[in-house]
Amino acid sequence: MIIGGLQKFSLLDYPDHIAAIIFTQGCNFRCQFCYNPMLVKPGYTGGKVSNRPSAGDGQGQKGHPLITEDDLFAFLDKRKGKLNAIVITGGEPTLHKDLPEFIIKIRKLGYKIKLDTNGTNSQMLKDLIGRRLIDYIAMDMKGPLDKYEKVIGVKTDLMKIKESITIIMKSGLPYEFRTTVVPDLIGFKDIASIGKLIKGASKWYLQIFKSDIDLVNPEFNNTKSYASGEMEEMELIAKKYVKFCAVR
Ligand code: SF4
């Protein structure tokens, strides 16, 4: 596993769990608003992982701390009993063929696993769920299908996205969908279109866009996020389609 960063402690990223967050390196998307360009772009040297603390020891490029699996597992072993879960995020974790084996090793230490994914590797998702290797799934819904490639900055197989939605909703596991609501990319009508794609889902978070950090497309540093009243209006639209929706 190529590990791009480690956040040693979080109470926010896995509901009701005390977790550490592992950031895997590399992504097949180039979401314009992505605030982890160092995990996405090869050779990026501009910033820190999500401005979060990292267990990297400084080797590798500036802002791109490399953590060996040995170092990671030494840390996880030491934290047994203090942490009870691990969030695996990216980049896009399912790009890594060794993800299932990596998760098996972590589970052997007694940790529960939350997986964050962009939904492009529906096959691996199905496999991980079938083998009971994950306990919670968060999938990004980047936009309505007709705008997807504009938001993610590359071409993608939208059928895989749809497949992943179905797999997650039928998994029997707790899950959430989340959408970063970026003005210029996502409007009020788009919220309804996304809502139709995940109709009946248990949880959907609308995430406020942050522009004051390194972004994959620096032009978006000049874009202001929606006002809180506008986000609340979007939440009301979204609530027509899912069981629970909140802005965060
Ligand atoms: S899928 Fe996630 S990590 Fe990849 S570019 Fe988009 S926001 Fe960034």
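**Group meeting: a walk through the sheet and its helices**

Let me begin with one residue, threonine 24, which is buried, with a relative accessible area of 0%, where buried means under 20% relative accessible area with a 1.4 Å probe and protein chains only. What you see is a predicted model, in which local features need pLDDT of at least 70 and side-chain atom pairs count only at pLDDT 80 or more, whereas totals for chains, interfaces and linings use all residues. Residues are numbered from 1 along each chain as its sequence is written, and side-chain values use heavy atoms, with hydrogens and water left out.

Threonine 24 belongs to strand β2, residues 19–24, and by strands I mean DSSP runs of E of at least two residues, while helices are runs of H or I of at least four, both numbered from the N terminus. If we set aside its neighbours within four places in sequence, threonine 24 is in contact with a set of residues that includes Met1, Ile2, Gly4, Leu39, Ile88 and His96, contact meaning heavy atoms within 4.5 Å.

Alanine 20 is found in strand β2 too, and alanine 20 is likewise buried, with a relative accessible area of 0%. Its C-alpha lies 4.6 Å from that of phenylalanine 9, although the two are 11 residues apart in sequence. Not counting residues up to four places away, alanine 20 touches, among others, Leu6, Phe9, Phe75, Leu83 and Val87.

Now to the whole protein, which has eight helices and eight strands. Of its 248 residues, 53% count as buried, and among contacts with a separation of 6 or more, 69% are between residues 24 or more positions apart.

How are the strands ordered in the sheet? The eight strands form an open sheet in the order β1-β2-β3-β4-β5-β6-β7-β8, with mixed pairing, where two strands pair if DSSP finds at least two bridges between them. β1 (3–10) and β8 (245–247) stand at the edges with a single partner strand each, so one side of each is left without a neighbour in the sheet. From one strand to the next, the twist averages 20°.

Within the sheet, strand β3 (residues 85–89) runs parallel to strand β4 (residues 112–117), and four bridges join them; isoleucine 88 stands opposite leucine 115 in β4. Helix α8, residues 228–239, packs on the sheet, where it touches β6 (175–181), β7 (204–208) and β8, and its direction makes about 165° with that of β7.

Finally, the helix pairs. Two packed helices are described by the angle between their axes and the distance between the axes; the axes are lines fitted to C-alpha atoms, for helices over the stretch in contact, and angles run from 0 to 180 degrees between N-to-C directions.

Helix α2 (residues 69–78) and helix α3 (residues 99–108) pack at about 30°, with axes 10 Å apart, and α2 and α3 are therefore roughly parallel, a term that covers angles under 35 degrees. Their crossing is right-handed, that is, the near helix is turned clockwise from the far one by less than a right angle, left-handed being anticlockwise. Glu69, Leu72, Phe73 and Leu76 in α2 meet Phe102, Lys105 and Ile106 in α3.

Helix α4 (residues 122–130) packs with helix α6 (residues 158–169) at about 15°, the axes being 9 Å apart, which makes α4 roughly parallel to α6. The crossing of α4 and α6 is left-handed, and the residues that meet include Leu125 and Ile129 in α4 and Ile167 and Ile168 in α6.

Notes:
Buried means under 20% relative accessible area, exposed over 50%, partly exposed in between (1.4 Å probe, protein chains only). Angles under 35 degrees count as roughly parallel, over 145 as roughly antiparallel, 65 to 115 as roughly perpendicular and the rest as oblique.
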